[in-house]
Amino acid sequence: MTATWKQRLIEVEVGAVAHGGHCVARHEGRVVFVRHALPGERVRVRITEDTGGSFCRGDAVEVLQASPDRVEPPCPFSGPGLCGGCDWQHASWEAQRELKAAVVSEQLHRLAKLDWEVIVEDLPGGPTDWRTRMRMAVAPDGRPGFRAHRSHDVVPVDHCVIAVPGALDPVVGRTWPPGSELVVTRDAGGQVHLTEVGPPVVRRGRPVPGPAKRRAGSGTATELAAHRAWNLRADGFWQVHPAAADTLAAVVRDWADCQPGDRAWDLYGGVGLFASVLAEQVGESGSVAVVESSTGAVEDGRVNLSDLPQVAWYPGRTEQVLETPDFTDLPPDVVVLDPPRKGAGRSVVTAIARSRPARVVYVACDPAALARDIASFSHLGYELTQLRAFDAFPMTHHVECVALLEPVR
């Protein structure tokens, strides 16, 4: 068995960016995934993980030859062994978008066999002061913070440069029960909602989340998007960037292009953001079927879209709902889907392609999952015709994409 390299200090030339917030380097025949480095740099790397296989992971702890794109991280908690929330604070904002574009292009090439030029568009507001929702952990000494990269260790913080101003005011500067978590939301009206989730407890031999206590706010967040006000659970899903929901809804509106009387599916529909856009287009003579597995999201969606009788809700897992005849008997003209990070998967893609919609609008938060699903669509007669990418998560490696797929001509 090869001796582990963990804690070993090596010197490498940094290669291309890879999906996940790191770059690729090679040393003594092995691949090293390096964080806190940029392509083209020469750095000293301390190996942090090594399971003895063909690759290991490490942090750049010293920059010997810097990239012209390197900047000083604006956050004192960013760096090797510190907060794992941000990946690219050491890169200029323009360089961050270029790195993300390279990742999306590489995933499309490798997984979907497509050569596609990608431009990652910025959203208003800059690379800091944008995050409206976050989940914090509490260290053993009671101080709140964020977990280190690929670790359960908590890095205590007294501020966060990507959080919207005021979001952490009820959290920092005080102590909390060790092991608990803090769910924070600052809504469009400026109200901060804070819920303390107690340390896990063991029930019937299994750990489950501890009791939740509301510490600030009403628990009902007000958001603005798609020409509507939304009242929803503060700890439920909503885009974390203030401009993201409106931006994505606008792209869905353009590419769905439903006509009055059309039928549309909104899969993984959440509280109905995209369903509201589709409902406007299909009118009262059309229909929009929303599939969502979260009971809370369905309840919020029904209340918020109660003025749109053409919207019907189908609670349940998308792959299961798509197998029910009463859902699929009326095939859609357009399908919109916004799956979780793992993507839709082959069974959902197959069910969509079998229904033969004229257009499929795919909203994706993970480029690898998107590329895999595009490859599945291509085997079933659909091709990628348009793609836009947005930097909805500055300083991190995450990127939001919207793809339009249409039947092969």
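How many bridges join strand S19 to S20, and do the two run parallel or antiparallel? Strand S19, residues 287-292, is joined to S20 by 5 bridges, and the two strands run parallel. One of the pairs is Val 290 with its bridge partner Trp 313 in S20.

This is a predicted model, in which local features need pLDDT of at least 70 and side-chain atom pairs count only at pLDDT 80 or more, while totals for chains, interfaces and linings use all residues. Residues are numbered from 1 along each chain as its sequence is written, and side-chain values use heavy atoms, with hydrogens and water left out.

**The open sheet**

Helices (H or I, at least four residues) and strands (E, at least two) are DSSP runs numbered from the N terminus. Two strands pair if DSSP finds at least two bridges between them. An open sheet is formed by 8 strands in the order S7-S23-S24-S22-S21-S18-S19-S20, with mixed pairing. At its edges are strand S7 (120-122) and strand S20 (311-315), each of which pairs on one side only. From one strand to the next, the twist averages 20°. Helix H1, residues 93-112, packs on this sheet and touches S7, strand S23 (382-391) and strand S24 (400-407). The direction of H1 makes about 150° with that of S7. Such angles run from 0 to 180 degrees between N-to-C directions, and the axes are lines fitted to C-alpha atoms, for helices over the stretch in contact (heavy atoms within 4.5 Å).

**Glu 292 in strand S19**

Glu 292 is placed in strand S19. Glu 292 is buried (under 20% relative accessible area, where exposed is over 50% and partly exposed is in between, with a 1.4 Å probe and protein chains only). Glu 292 has no salt bridge (a side-chain nitrogen of Lys or Arg within 4 Å of a carboxyl oxygen of Asp or Glu). The nearest side chain of opposite charge, Arg 317, is 9.9 Å away. A polar atom of the Glu 292 side chain lies 3.5 Å from the backbone nitrogen of Gly 269. Not counting residues up to four places away in sequence, Glu 292 touches several residues, including Tyr 268, Gly 270, Val 298 and Tyr 314.

**Positive phi outside glycine**

Tyr 268, one of the residues touched by Glu 292, has a positive phi although it is not a glycine. Met 395 is another residue with a positive phi that is not a glycine.

| Residue | Phi | Loop | Relative accessibility |
|---|---|---|---|
| Tyr 268 | about 55° | between strand S18 (263-267) and helix H3 (273-282) | 16%, buried |
| Met 395 | about 75° | between S23 and S24 | 5%, buried |

**A hairpin**

Strand S16 (residues 220-225) and strand S17 (residues 228-233) run antiparallel and are joined by 6 bridges. Ala 225 has Arg 228 in S17 as its bridge partner. The hairpin formed by S16 and S17 has 2 residues between the strands, and Ala 226 in the turn has a positive phi of about 55°.

**Ser 67**

Ser 67 is in the loop between strand S6 (55-65) and H1. Ser 67 counts as buried because its relative accessible area is 12%. Leaving aside neighbours within four places in sequence, Ser 67 is in contact with Leu 38, Pro 39 and Glu 41. A polar atom of the Ser 67 side chain lies 3.0 Å from the backbone nitrogen of Asp 69. Ser 67 and Asp 326 are 259 residues apart in sequence and 58 Å apart in space, C-alpha to C-alpha.

Conventions
Lys and Arg count as positive and Asp and Glu as negative; His and the chain ends are not counted. A polar contact is a pair of N or O atoms within 3.5 Å; within protein, one must be able to donate a hydrogen and the other to accept it, and residues adjacent in sequence count only if both atoms are side-chain atoms.
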